[in-house]
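Me: I'm new to this structure and would love a close look at one part of it. Could you walk me through the largest nonpolar core and how it sits within the chain?

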Amino acid sequence: MVKTGDAVAILDKAPYEANLAVAKAQLLQAASNFAKFKHGNRPQEIEEARANVRQFQAAYDNAVTTLTRQSHELKVDATSKQAYDDALAKKLESEAQLKSAGEALNLAEEGFRLEDIDGAQAALETAKAQLTSAQINLNDTTIFSPSDGIILTRVREPGAIVDPQSIVYTLSLHKPVWVRAYVSETDLGRIKPGMEVLITTDANPDKPFKGQIGFISPQAEFTPKTVETPELRTDLVYRLRIVADDPKSELRQGMPVTIKIQLSS
């Protein structure tokens, strides 16, 4: 006997727990990366870029001063052409370094591009979805009974390897209790879903159960040999499903019963 929500089987959780841990770590990494792109560079990084600009500016100013002095001295033959060329190369090098440092400062102050921020946010949303999927897979390692009922068959043994959609248990439902019956084609037009019926058993023929017609098949078929009718016939019939009112659970699966329907004239 099982109740709705009872745990009836558990898969090995280890691989799913490992996948969940990986998904959590990836989410933290994606969240950290997105925060970095969203908030931009830290004030300390921007200040460092400014300090580099000041450093290269000073070096450039010194190189310009040296080049100017070497230029004057060269005119009066107070220095060599090589010294002048070295001063010119130093000035050009300092100028290039200053320009590079200025561009780095601009990038640091402007922050990251919108495309980079959007990409980091998309990666974060992907990580969240992967975490949700991993959590669902872990939750699905426990199989719960979907309804109250009786387990008729345990198909798998402990330790068995199962494939997706494999049958593990066969569960016989308590409710609703229904009866499979048949009606001839000549009486088909005189019944309809919702009509009340009486259900009697061989054990207690004087104690009928109430029920109602819940389904009428639209397709005709031959009367099954396992169905007992008051008279043997082979003509076409239509299958009925009759929902029984069995509050004390006195009806059993496979029990033969007799259905009485008060047909309209």
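**A look at the largest nonpolar core**

Reply: Happy to! Please keep in mind that this is a predicted model. Let's begin with the setting. The protein chain has five helices and nine strands, and along the sequence they run in the order β-α-α-α-α-β-β-β-β-α-β-β-β-β. Of its 265 residues, 23% count as buried.

Now to the part you asked about. The largest nonpolar core is made of 14 residues. Val183, Ile191, Val197, Ile199, Ile213, Leu240 and Ile242 are the ones with the most contacts inside this core. Which elements give two or more residues to this core? They are strand E5 (177-184), strand E6 (196-201), strand E7 (209-222) and strand E8 (236-244). With four residues, E8 gives the most.

Val197 is a good place to zoom in. Setting aside neighbours within four places in sequence, Val197 is in contact with Phe209, Lys210, Gly211, Gln212 and Ile213, and also with Ile242, Ile259, Lys260 and Ile261. Two of these partners, Ile213 and Ile242, are also listed among the residues with the most contacts inside the core.

For context, there is also a second, separate core of 13 residues, which includes Ala23, Ile117, Leu131 and Ala134.

Stepping back to the whole chain, look at contacts between residues at least 6 apart in sequence: 70% of them join residues at least 24 apart. On the outside, the protein chain exposes about 18900 Å², and carbon and sulfur atoms supply 53% of that area.

Conventions
Residues are numbered from 1 along each chain as its sequence is written. This is a predicted model: local features need pLDDT of at least 70, side-chain atom pairs count only at pLDDT 80 or more; totals for chains, interfaces and linings use all residues. Side-chain values use heavy atoms; hydrogens and water are left out. A nonpolar core is a set of buried Ala, Val, Leu, Ile, Met, Phe, Trp, Tyr and Cys residues joined through side-chain atoms within 4.5 Å. Buried means under 20% relative accessible area, exposed over 50%, partly exposed in between (1.4 Å probe, protein chains only). Contact means heavy atoms within 4.5 Å. Accessible areas come from the Shrake-Rupley method with a 1.4 Å probe; for residues, only the protein chains shown count as cover.
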